[in-house]
Each structure stands twice: as structure tokens, then as C-alpha cells.
Amino acid sequence: MTELSPHLRQATPVVAVRGEGVHLYGDDGRRYLDFTAGIGVTSTGHCHPKVVAAAQEQVGTLIHGQYTTVMHQPLRRLVSRLGEVLPAGLDSLFLTNSGSEAVEAALRLARQATGRPNVLVCHGGFHGRTVAAASMTTSGTRFRSGFSPLMGGVVVTPFPTAFRYGWDEETATRFALRELDYVLQTISAPDDTAAVIVEPVLGEGGYVPATRDFVEGLRERADRYGFLLIMDEVQTGVGRTGRFWGHEHFGVAPDILVTAKGLASGFPLSGIAAPDELMRKAWPGSQGGTYGANAVACAAAVATLDVIRDEKLVENADAMGLRLRAGLEAVAAATPAIGDVRGLGLMLATEFVTPDGAPDPETAARVQRAAVDEGLLLLLCGAWNQVVRMIPALVVDEGAVDAGLRAWTAAVRAGTQA
Ligand code: PMP
């Protein structure tokens, strides 16, 4: 009998048969509130009617208009629509399928454009599972172990993870920037450094927002030394944090922006955006791929951008994020096993700790399982899987937030009593 790989284990026992908005329906007849959104992918909710209609129409018109062979209309439209939401100056796009591929495209561009070998990565960052992206990933050894040698030229520098250091954000930021200068003085000389890559909010690493001073400090070093600032907005982009792009919280623009996940509401699509002048420095033949910018995915992405604009989903993410966060903080205040609540917009997390303050993955796992019993689907993150995260679709409303919080309250009670 053929089976799925034992390593492809699901975080919940749910067999999903249908999705609608913020809900998934299991083959057990139950309706689940989905605060995982396919790991932050179904931005407009499951099967938004406008996304479904656009995809259905495209399926009957052209499925695969291979984009290094022919141009197609959905791709043309998407490039034009993305121009309306991208930061000023990032006017050239390369599109591909997954976050990892887009991260690697950003790295390739940075190395080719600067002629420099090294990339600085922030400790705790997650950038993907393909070898170059895994080499840049430092959010857990599970993503890196056992298939060395990894790619060379990756240099790790601290991220202002205040809670883990046990400092306030200002102290953690000062430390991270001081260490960055030390790294540039001792490990990766500026002339060897092509880029620094950062997530506006550490994702898989535990949902830790960067700080304004940290991101400004990265921008300042990049400008001073002529290396590039790459923002990995794979998880934080497309409205997730209550701004269209996560980096808008910090008022600092990148040289290369990486996007994926929420862009096409569930169809595989990713890309990088950079100034045309920079993109021209990529070497001929370095950008392409069989499936990139699939016509159905592009049509779904255009519909996704329309829905986000028309239904004011960025504003909704901001408002619903505040409501959800207030509820999470109230639960945390009454729960000694919760050490921290943090995040931005609808990218929120609760970190579990033992009585002596160490990471507590067992309690996090118990709470996550208890939440499924309560009809609420959640995922873990963090180096120890000690953090429970909430990333509902951007269409989530007050009723669903409150229902989620009721289920969360019960799950925390059940999971922390054991
Ligand atoms: N970068 C970030 C910030 C991510 O969160 C992820 C996926 N969790 C990736 C890159 C990799 O994306 P993918 O799984 O589509 O390759």
C-alpha cells in the first residue's frame, strides 16, 4: 500500500473537504475556525467567490502560457496591478512559484549585481527549504541538519529578539546593531557583503516583530557599505500585518522585496520586486522556470488584489488584529504559563514558558491540540515549537475573532491544567 512520507505529518487530525471564508469543513462533518489560513496563504479566505470566478474563467481560457515562451494577459495585468501596491521605485518584477524560489532569486540577483559573495541573515530567520534558502534559515536546526554541506557565504547576525534575551526592545536593538557592526568588522567585510536579508516579523522563528531602529540601522549600513537590503515579505506581505507590506511599519524601504503566500489566495505564486536598474544587473538566463507566473495563479492574484482593495482588507487586518491581540493579552494576564504575546496585525503569537521561564513546547502542543477539540485550527512556531500563532484570513470579522478567542480561552485552560 502506498502512503505519504511519515515526515509529511499534519498538525491537526482534520481531513478538509471544503473551505469557505475563515472556515474549513472536515470529513467528520465539523466546521473548524481556521486561524492557520494555509500558513498565511488564503488571504481573502477560503474560496473567495471573486477569486474562484477569476480562476475558473482562466482555467477555461489558458492554464499554462509558459512565460519564457509567450506573454499572457493575467501576467500583464498582475504586473500592472502590483505596481499600484509596491513601494516606489521597485518597478521591476520576476515571478516564480514558491517563497524559497523567490528568496533564492533575490540572493542570485544580489550576488550578481554586487559581485560580492556573502549574505547576512538575521538569527531566527526562516527563508525556505531549498538548499540556498535553508542555508539562510536559522530558525531551527530541523531545517538545516543532515544534508550539509549547505551553501557557503551565509553569515548570521543577531535579531532584536527582546523576549528571548530578557531585555527591552531598545536594549535588544542596540545589541543587534552593535553585533552587526562587529560581524562586518570580523567575519564579512563590507566589500564581501552582497546583502542583508530580514523578515519584518520573524515568522517561523516565533513571530517577533523587528524594531524601527533595527530596520533603519540595517538600511543605514546597507547604504554606507553598498550592499542591498532584502525584505523577505513572504509571510508578512499582502496585508497580513495591517499594512500592505510589513516593512511599512518601520518606514524603511528595501532594495529587493520578496513576496509569496497571500499573493494569490492559495495558488502557488511568488516573486521579487526591485528597481529596474538593479534587476538589469541579473545575468541573462538567471531568471526563469517552467511553471513561473502560471496563468491561473496570476488571474487569482489579480482578483486577490482587487478583493483586498475593494473590501478594505488591510484596514480590516489592522482592526481585527487589535481586537484579537487584546483578547490574547487578557488570556495571557490570567495564565502564568504564557510568557509573551506579540506580533503585528493578524500575525499574532503566544509564547509558552515553564515556571522558570524556559521555552515550553509541551504546553504549546497541548494547547494547540485542545484548540482543535474546540474547533479552532492553529499552528506552532519558534525554535522549540513553543509558540502558538494565529494567522486568520484577512476577511476575519468580529464574530469570528470573538469565537476564536472563546475557543482559545478554553484550549489554554485545558492545555495548562495537565
Ligand atoms: N520566507 C518566509 C518568511 C516564509 O515564512 C516562508 C514559508 N513559511 C518562506 C520564505 C518559504 O516559502 P515556501 O514554503 O513557499 O518555499
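**Close-up views of the ligand site and the two domains**

**View 1. The ligand in its pocket.** The ligand occupies the largest pocket of this predicted model. Twelve residues are not named here one by one; the view is centred on the ligand and the space that holds it.

**View 2. Residues around the ligand.** The surroundings of the ligand comprise Ser98, Gly99, Ser100, Phe126, His127, Gly128, Glu199, Glu204, Asp232, Val234, Gln235 and Lys261. Sorted by class, this shell consists of six polar, four charged and two nonpolar residues. Phe126 and Val234 are the nonpolar members, while the charged members are Glu199, Glu204, Asp232 and Lys261.

**View 3. Polar atoms facing the ligand.** In the side chain of Ser100, an N or O atom is 2.6 Å from an oxygen atom of the ligand. A polar backbone atom of Gly99 is found 2.8 Å from a ligand oxygen atom. For Phe126, a backbone N or O atom is 3.4 Å from a nitrogen atom of the ligand. On its own the ligand has 400 Å² of accessible area, of which the protein covers 82%.

**View 4. The two domains of the protein chain.** Domain 1 is made up of residues 16-34 together with 312-416, and domain 2 spans residues 51-310. A distance of 26 Å separates the C-alpha centres of domain 1 and domain 2.

**View 5. Contacts between domain 1 and domain 2.** Where the domains meet, 29 residues of domain 1 are in contact with 28 residues of domain 2.

Conventions
Residues are numbered from 1 along each chain as its sequence is written. This is a predicted model: local features need pLDDT of at least 70, side-chain atom pairs count only at pLDDT 80 or more; totals for chains, interfaces and linings use all residues. Side-chain values use heavy atoms; hydrogens and water are left out. A residue is near a molecule or strand if one of its heavy atoms lies within 4 Å of it. A polar contact is a pair of N or O atoms within 3.5 Å; within protein, one must be able to donate a hydrogen and the other to accept it, and residues adjacent in sequence count only if both atoms are side-chain atoms. Accessible areas come from the Shrake-Rupley method with a 1.4 Å probe; for residues, only the protein chains shown count as cover. On a 1 Å grid over the protein atoms alone, a cavity is a set of points where a 1.4 Å probe fits but cannot get out, and a pocket is an open set with protein on both sides within 12 Å along at least five of seven lines; lining residues have an atom within 4 Å of a point. A molecule sits in a cavity or pocket if more than half of its atoms lie within 2 Å of its grid points. Domain bounds come from an automatic or database domain assignment. Contact means heavy atoms within 4.5 Å.
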